[in-house]
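Visitor: I would like to learn how to read a protein model feature by feature, with the criteria stated each time. Could we go through one together?

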Amino acid sequence: MSSPVPFPYCQTLAASAVFWLAGTAQAAVEVRTADIEQTDSRTEISLNLSSACTYKVFTLDNPDRLVIDIADGKLGPRFRPAEGGVVRSMRTGQPSPSSLRIVLDLEQSARPRSFLKSGASGRVLTIELDGGKARPRVVRSVRELESAGTRDILVAIDPGHGGVDPGASGPSGVREKNVTLALAKELAAAIDAEPGMRAVLTRDRDVFIPLQKRYQIAREAKADLFVSVHADAFGNRAARGSSVFTLSRRGASSEAARWLAKRENAADLVGGVKLVERDSSLAAVLLDLSQGATLEASQQVGNKVLRGLGKVNTLHKHEVQRANFVVLRSPDVPSILVESAFLSNPEEERKLNSAVERRKLAAAVMSGIRDHFHANPLPGTWIAAHRQSPREHIVAPGETLAVIAMRHGITVTSLRQANDLRTDNLRIGVVLRIPQQT
């Protein structure tokens, strides 16, 4: 790329100015570090890259955010989120297999301007944000932190079926609607006992609730997670085990079409943006962004819950499954469906009909939910305020999981679980999270 030329200001996404800013990227671009500097009039974010890149920059409001998408991007082993100026926090994600997304949560709205220029060892992507002043660093006591207005994470629990819809029946006549309600109540009790979390049930008695109403209850309660509890059934009574489902892309697409057909719902979903006829493409972009983040979070929590269930029961499927379940279609609340066990299997029917066994299943689901929110604490929550920073280890040549675990006084199993590792193969330079000793 020739001498750097400033690109024009990117407008907010609500103003529908989203465009690619092209460099000369040929291979994967590594984002090595992120730095933020503040002056009296602007905040400057610098991303140090391994090479030129193709990228886009846009802002979102309600709340205010800056989004940076880098085509064929990946995070380097020494990348750490940065904050300062009007940037309250920084997080990363992958909206598609070939795109890296960096999201900056802002204290206030700000106008971005971006430059891609040569650096000492690669390229530097600089984004200037006009407006805002440096935030003062305030030291707070533990008592002040506890009274700072942090909120609990809210989990909506949906006992499957109910009322005139009994669901499946086991060989001895145990009904799914009764099992799921009992299991949901156990899960709610476990969540309510967890510091920084609380639960709400879509039904607490034997009543029928339409499928779409179930996830609407979660949205109206402003839930952070929706968990639908079921008990599977199959013609072959030998079938057994637990499964976890998230919404399929096909289901997300059909739900997006339904939301976009009802403009008042679409406006509510995208933060109150007033939609008129010409804004249909804008609404589709906003909805796609919202759904993409929701599906990603659903997959993450689904993996954690599946792992928890695997500790107390056989797994019917060892990977999170995707299906077009109506109850999972909330565009902005991460949602999973748990098939706790096979009610059609006589042995598992007995387990589901046992309070002791249901308590074990509920504890397993709870452990997955807990692990997810402690690994991905939501800003403004009690868990985020009280979470300890994890220790980290950068893999060096010749190191194995056993060597690293021994060095930090932990087990190989806990190290593998803390980092979602499916094999013992390690790449040099990978950053591993070191869990607390138990």
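Visitor: How many helices and strands does the secondary structure of the protein chain come to?

Guide: Helices and strands are DSSP runs, numbered from the N terminus, a helix being H or I over at least four residues and a strand E over at least two; here the protein chain has 11 helices and 18 strands. This is a predicted model, in which local features need pLDDT of at least 70 and side-chain atom pairs count only at pLDDT 80 or more, while totals for chains, interfaces and linings use all residues. Residues are numbered from 1 along each chain as its sequence is written, and side-chain values use heavy atoms, with hydrogens and water left out.

Visitor: What share of the residues in the protein chain is buried?

Guide: Buried means under 20% relative accessible area, exposed over 50%, and partly exposed in between, with a 1.4 Å probe and protein chains only. By that criterion, buried residues make up 45% of the 438 residues in the protein chain. In helix α3, which spans residues 211–220, the buried residues are R214, Y215, I217, A218 and R219, and α3 is followed by K222, whose phi is positive, near 60°.

Visitor: Which residues does L47 touch, leaving out those up to four places away in sequence?

Guide: Contact means heavy atoms within 4.5 Å. L47, placed in strand β3 (residues 42–49), touches V31, T33, A34, I68, I70, I102, R123, V124 and L125 beyond that sequence window. L47 has a relative accessible area of 0%, so it is buried. Its C-alpha lies 9.9 Å from that of E30, a residue 17 places away in sequence. For the protein chain, among contacts between residues at least 6 apart in sequence, 71% join residues at least 24 apart.

Visitor: Where is S228, and which contacts does S228 make beyond its neighbours within four places in sequence?

Guide: S228 sits in strand β13 and, with those neighbours left aside, is in contact with D158, V327, I336, L337 and V338. The C-alpha atoms of S228 and I336 are separated by 6.4 Å although the two residues are 108 apart along the chain. S228 counts as buried because its relative accessibility is 0%.

Visitor: How many salt bridges does the structure hold, and how should I read a single one?

Guide: A salt bridge is a side-chain nitrogen of Lys or Arg within 4 Å of a carboxyl oxygen of Asp or Glu, and the structure holds 20 of them. One of them joins D105 and R91, with the closest N and O atoms 3.0 Å apart. D105 lies in strand β8 (residues 99–106) and R91 in strand β7 (residues 87–96), so this pair ties together parts that are 14 residues apart in sequence. D105 is buried at 4% relative accessibility, whereas R91 is partly exposed at 41%.

Visitor: Which parts of the chain does the pair of D224 and R151 link?

Guide: The side chains of D224 and R151 meet in a salt bridge at 2.9 Å, N to O. The pair links distant parts of the chain, with D224 in the loop between α3 and β13 and R151 in the loop between α1 (142–146) and β11 (153–159), 73 residues apart. D224 counts as buried at 13% relative accessibility, while R151 is partly exposed at 35%. In addition, R42, R113 and E128 are linked in a network of salt bridges.

Visitor: What is the nearest side chain of opposite charge to D232, and how far away is it?

Guide: For charge, Lys and Arg count as positive and Asp and Glu as negative, with His and the chain ends not counted. D232, found in strand β13 (residues 225–232), is buried yet has no salt bridge, and the nearest side chain of opposite charge, K317, is 9.6 Å away. Not counting residues up to four places away in sequence, D232 touches E339, A341, F342, L343 and S344.
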